[in-house]
Amino acid sequence: MRFQRRDPSFLTKWFFQTDRTILYIVFGLIAVGIYMLISAGGYAAGRIGQPPLYFFWKALPLMAAGVTALFFFSFLNKKQIIYISAILGAISALLVLMTLISPTCIKGSCRWITLAGFQLHPSELLKPFFIVLTATFFSFVTSRLDRGISVTKYWTLYLTITLPLLATILIRKDLGMTMIYLAVFTSMWFFSGAKLRYIFMLGAAGGGIVGAAFMLWSHVRIRIMGTGDQFQVGKALDSIRNGGFIGQSNSSFVKSDLPDSHTDFVFAAFTEDRGVIFGILLLALYFWLMFRILNLMQTIKDPMTKLVCGGTVALIAIHLLLNIGTTLNLTPAKGTILPFISYGGSAFITMCAVFGILLGLLRSYKFDYNFKKCLATKASEKSSNTKENRPT
């Protein structure tokens, strides 16, 4: 199917108004994820007595849902995105609170719920709507502050909604997820023009939460001190070393003993398959994606769209830091996914929704900006023609 700019159809308009660079990078990462589902997922399936494509077929419905979410949000305009995010955010928030009542426990962690036979991670699903609603809140509050209007009641409302959700995530002993939300919030607050002392105060609060978790929870203490079982981290490093510069392809064997080679340590499995050179190129693809968003962010005048850009970059950056850091034994093991590549239905749907929302907002902004620019140009031309035709 070939699109032409002269074609007036809705799909053609969407295609040329959408930031295709971001779209192509995202689908490139999804392609790598499908490859790793077949490659590393085959070994993981064999360890539990399942056929090689077990994880691929299991992930396929959720991947289809994720891609559908990406396209669905990318077709919406700004107002529609805010309204739908408010509704889906409320539903996701309720699911987060449900983990206190009837959670599904996986490997000792009770952070999931089961719906229609699917195990969902509510705190993952909340991320895109948290970014949208936080961006909306900051843009609203900033506009009020610029006019000298008190914003205390708005802050009170926002914190009344968000703090119980973060507390619930923390009660479920998901310290890493709590830190991800705090990092995204801090980044967006910074991009909105917050004073540095507030950012430092929030950073100190985050450090206090980590310190309290270190004192109270033994599993956090073990991970930070590195005194627990380091089998997977050791195997991940061996897997990267075995890959060398050009990779082992079908001769890879270290990843066959790496239990989470398709999830938390998928980067190690990919590097063993394709080599360090392709591992670096994969990281470069992520950095290209973040650079593209930051570059667009500098040209955008709409505060809400700009903040969603900043929140998206912060989300990708913190996931990369934690996932690659864990793989290279530079950060404590957390279990953070590699966006679009690690196996995990909730995480995949989340990332697709995040970028669908981003593409929709960029497309909506581009259309609105060009439309207003066109109106301004016509008004200017009309004013100029009126002056020229005025009798002297």
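This report covers salt bridges, helix packing, a surface patch and some backbone features of a predicted model.

## Salt bridges

The whole structure holds 5 salt bridges. Three of them are set out below.

| Pair | N to O distance | Separation in sequence |
|---|---|---|
| R292 and D19 | 2.7 Å | 273 residues |
| K78 and D302 | 2.9 Å | 224 residues |
| D174 and R111 | 3.8 Å | 63 residues |

Take R292 and D19. Their side chains meet in a salt bridge. The pair links distant parts of the chain: R292 belongs to helix α13, while D19 sits in the loop between α1 (10–17) and α2. R292 is partly exposed, with a relative accessible area of 24%. D19 is at 10% relative accessibility, so D19 counts as buried; the cut-off for buried is under 20%.

Next come K78 and D302. The two side chains form a salt bridge at 2.9 Å, N to O. K78 lies in helix α4 (residues 78–98) and D302 in the loop between α13 and α14 (303–327), so this bridge ties together parts that are 224 residues apart in sequence. The relative accessible area of K78 is 27%, which means that K78 is partly exposed. D302 has 17% and is therefore buried.

The pair D174 and R111 meets at 3.8 Å, N to O. A salt bridge requires a nitrogen-to-oxygen distance within 4 Å, so this pair qualifies. D174 is in the loop between α7 (152–171) and α8 (175–191), and R111 is in strand β2 (residues 109–115). Both residues, D174 and R111, are buried.

## Helix packing

How are α2 and α13 oriented to each other? Helix α2 packs against helix α13 (residues 276–299) at an angle of about 155°, and their axes are 10 Å apart. Angles over 145 degrees count as roughly antiparallel, so α2 is roughly antiparallel to α13. The crossing of α2 past α13 is left-handed. Helix α13 also carries R292, whose salt-bridge partner D19 lies in the loop between α1 and α2.

A second packed pair is α6 (residues 127–146) and α8. Their axes come within 10 Å and cross at roughly 30°. Angles under 35 degrees count as roughly parallel, and α6 and α8 are therefore roughly parallel to each other. Here the crossing is right-handed.

## A nonpolar surface patch

Which residues make the nonpolar surface patch? I34, I38, L53, W57 and L60 do, and the patch amounts to about 430 Å². Two elements give two or more residues to it: α2 (20–47) and α3 (54–74). W57 is placed in helix α3. Its relative accessibility is 52%. The cut-off for exposed is over 50%, so W57 counts as exposed.

## Contacts across the sequence

F118 is found in strand β3 (residues 118–120). Its relative accessible area is 35%, so F118 is partly exposed. In sequence, F118 and G345 are 227 residues apart; in space, C-alpha to C-alpha, the separation is 8.9 Å.

F140 offers another such pair. This residue is in helix α6, the helix that crosses α8 at roughly 30°. F140 is partly exposed, at a relative accessible area of 29%. F140 and M304 are 164 residues apart in sequence, but their C-alpha atoms are 8.4 Å apart.

## Positive phi outside glycine

K173 has a phi near 60°, a positive value in a residue other than glycine. K173 is in the loop between α7 and α8. That loop also holds D174, the salt-bridge partner of R111. With 41% relative accessibility, K173 counts as partly exposed, whereas D174 is buried.

Where is N329 found? N329 is in the loop between α14 and α15 (345–389). Its phi is positive, about 60°, although N329 is not a glycine. At 42% relative accessibility, N329 counts as partly exposed.

Definitions and conventions. Residues numbered from 1 in each chain as written. Predicted model: local features only at pLDDT ≥ 70, side-chain atom pairs only at ≥ 80, totals over all residues. Heavy atoms only, no water. Patch = residues over 30% accessible without salt bridge, like charges linked within 9 Å, V, L, I, M, F, W, Y side chains within 5 Å. Areas by Shrake-Rupley, 256 points an atom, 1.4 Å probe, with all protein chains shown as cover. Helix = DSSP H or I, 4+ residues; strand = E, 2+ residues; numbered from the N terminus. Buried < 20%, exposed > 50% of the residue type's maximum accessible area, 1.4 Å probe, protein only. Axes fitted to C-alpha atoms, helices over the stretch in contact; angles between N-to-C directions. Parallel < 35°, antiparallel > 145°, perpendicular 65-115°, else oblique. Left-handed = near helix turned anticlockwise from the far one by under 90°.
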